[in-house]
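Colleague: I would like a close look at a single part of this protein, the place where its helices pack against one another, together with the open space beside them. Could you take me through it slowly, as you would for someone at the bench?

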Amino acid sequence: MSDTKTEFDICAEDRVPVLLHRVDQLWRQLLDHELAHHGLSQAKWRTMAILSLYPEGLIQSELAEELGIEGPSLVAMIDRLSRDEWVERVQCGTDRRCKIIRLTERALPLIDEIRSSAEKLYARTFAEVDVPGVSIPDVERFFIALRDRLFDNLPEKKRQQRRRNLARATAEG
């Protein structure tokens with residue numbers, strides 16, 4: 001192993017890529033704990049939370065993209081959510097091969113509770129964080145700019161799909 005130190009070690013615990021992953025992981029674990037009384041796994045509530053952004057639903061490949069997983073990995077999750085009557089599969093009007101996955105009416109009160117739990121966790125967590133000279137709006141603006149920059153570096157096909165999903169979510173919301 002070389003004795004030279006690298007200027008930037010992407011694997012270091014105090015670097016943005018690792019910090020982003022760790023903060024996301026901890027956030028989900030805390031929200032998981034908040035929602036445990038519903039018997040919802042992290043995979044279930046995350047899937048439902050994403051679907052709540054798209055009232056008209058998403059096709060499976062779009063939902064998988066939003067969740068950052070492969071389409072085939074999502075099938076069992078959709079089956080479980082469907083069996084529990086949280087989501088439904090609806091025939092796509094333009095492509096008979098596709099099913100649109102969307103929340104059921106039964107899921108809407110639960111989505112409100114997921115949002116409420118997330119808001120309480122957000123308020124409680126951010127109230128305890130105090131870094132002199134750094135405001136939460138500044139941090140949010142930074143992450144929005146970072147997200148947009150990373151998005152710009154995605155392959156064109158992924159950018160197009162994401163743009164369509166965002167445009168649809170904005171139009172539906």
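Modeller: What follows goes from the overall layout to the packed helices and then to the pockets.

Please keep in mind that this is a predicted model. The protein has 7 helices and 3 strands, and along the sequence these elements come in the pattern α-α-β-α-α-β-β-α-α-α. The C-alpha trace spans about 60 × 40 × 35 Å along its principal axes.

The part to look at closely is the group formed by α2, α3 and α4. Two packed helices are described by the angle between their axes and the distance between the axes, and I will give both for each pair. For α2 and α3 the angle is about 110 degrees, and the axes lie 10 Å apart. Angles of 65 to 115 degrees count as roughly perpendicular, and α2 and α3 are therefore roughly perpendicular to each other. The crossing of α2 past α3 is right-handed. On the α2 side the contact involves R46, T47, I50 and L51, which meet L63, E66 and L67 of α3; sorted by class, this contact of α2 with α3 has 4 nonpolar, 1 polar and 2 charged residues.

Helix α2 also packs against α4, which covers residues 71-83. Here the angle is about 85 degrees and the axes are 11 Å apart, so that α2 and α4 are likewise roughly perpendicular to each other. In this contact A43, K44, T47 and M48 of α2 meet L74, M77, R80 and L81 of α4, and the residues divide into 5 nonpolar, 1 polar and 2 charged. If you follow T47 in the viewer, you will find that T47 of α2 takes part in the contact with α3 and also in the contact with α4.

The remaining pair of the group is α3 with α4, whose axes are 9 Å apart and meet at an angle of about 100 degrees. That makes α3 roughly perpendicular to α4. From α3 the contact draws on Q60, L63, A64 and L67, and from α4 on G71, P72, L74, V75 and I78. By class, the contact of α3 with α4 has 7 nonpolar and 2 polar residues, with no charged residues. L63 and L67 of α3 serve here as well as in the contact with α2, while L74 of α4 meets α3 and is also among the residues that meet α2.

Beyond α4, in the loop that leads to β2 (87-91), lies E85. Phi of E85 is near 65 degrees, a positive value in a residue other than glycine; most residues other than glycine have a negative phi.

Now to the open space. The largest pocket holds about 2,700 Å³ and is lined by 49 residues, with L20, D24, W27, F143 and R147 nearest its centre. Both α2 and α3 are among the helices that each supply at least two residues of this lining, although the largest share, 11 residues, comes from α1. The lining of the largest pocket divides into 32 nonpolar, 5 polar and 12 charged residues.

The second largest pocket has a volume of about 240 Å³, and α3 and α7 each supply at least two residues of its lining. Its lining includes A64 and G71, both of which also belong to the contact between α3 and α4. By class this lining has 2 nonpolar, 3 polar and 6 charged residues.

Methods. Residues are numbered from 1 along each chain as its sequence is written. This is a predicted model: local features need pLDDT of at least 70, side-chain atom pairs count only at pLDDT 80 or more; totals for chains, interfaces and linings use all residues. Side-chain values use heavy atoms; hydrogens and water are left out. On a 1 Å grid over the protein atoms alone, a cavity is a set of points where a 1.4 Å probe fits but cannot get out, and a pocket is an open set with protein on both sides within 12 Å along at least five of seven lines; lining residues have an atom within 4 Å of a point. Grid points are joined across faces, edges and corners, and a volume is the space filled by probe spheres set on the points. Helices (H or I, at least four residues) and strands (E, at least two) are DSSP runs, numbered from the N terminus. Ala, Val, Leu, Ile, Met, Phe, Trp, Tyr, Cys and Pro count as nonpolar, Asp, Glu, Lys and Arg as charged, and the others, Gly among them, as polar. Axes are lines fitted to C-alpha atoms, for helices over the stretch in contact, and angles run from 0 to 180 degrees between N-to-C directions. Angles under 35 degrees count as roughly parallel, over 145 as roughly antiparallel, 65 to 115 as roughly perpendicular and the rest as oblique. A crossing is left-handed if the near helix is turned anticlockwise from the far one by less than a right angle, and right-handed if clockwise. Contact means heavy atoms within 4.5 Å.
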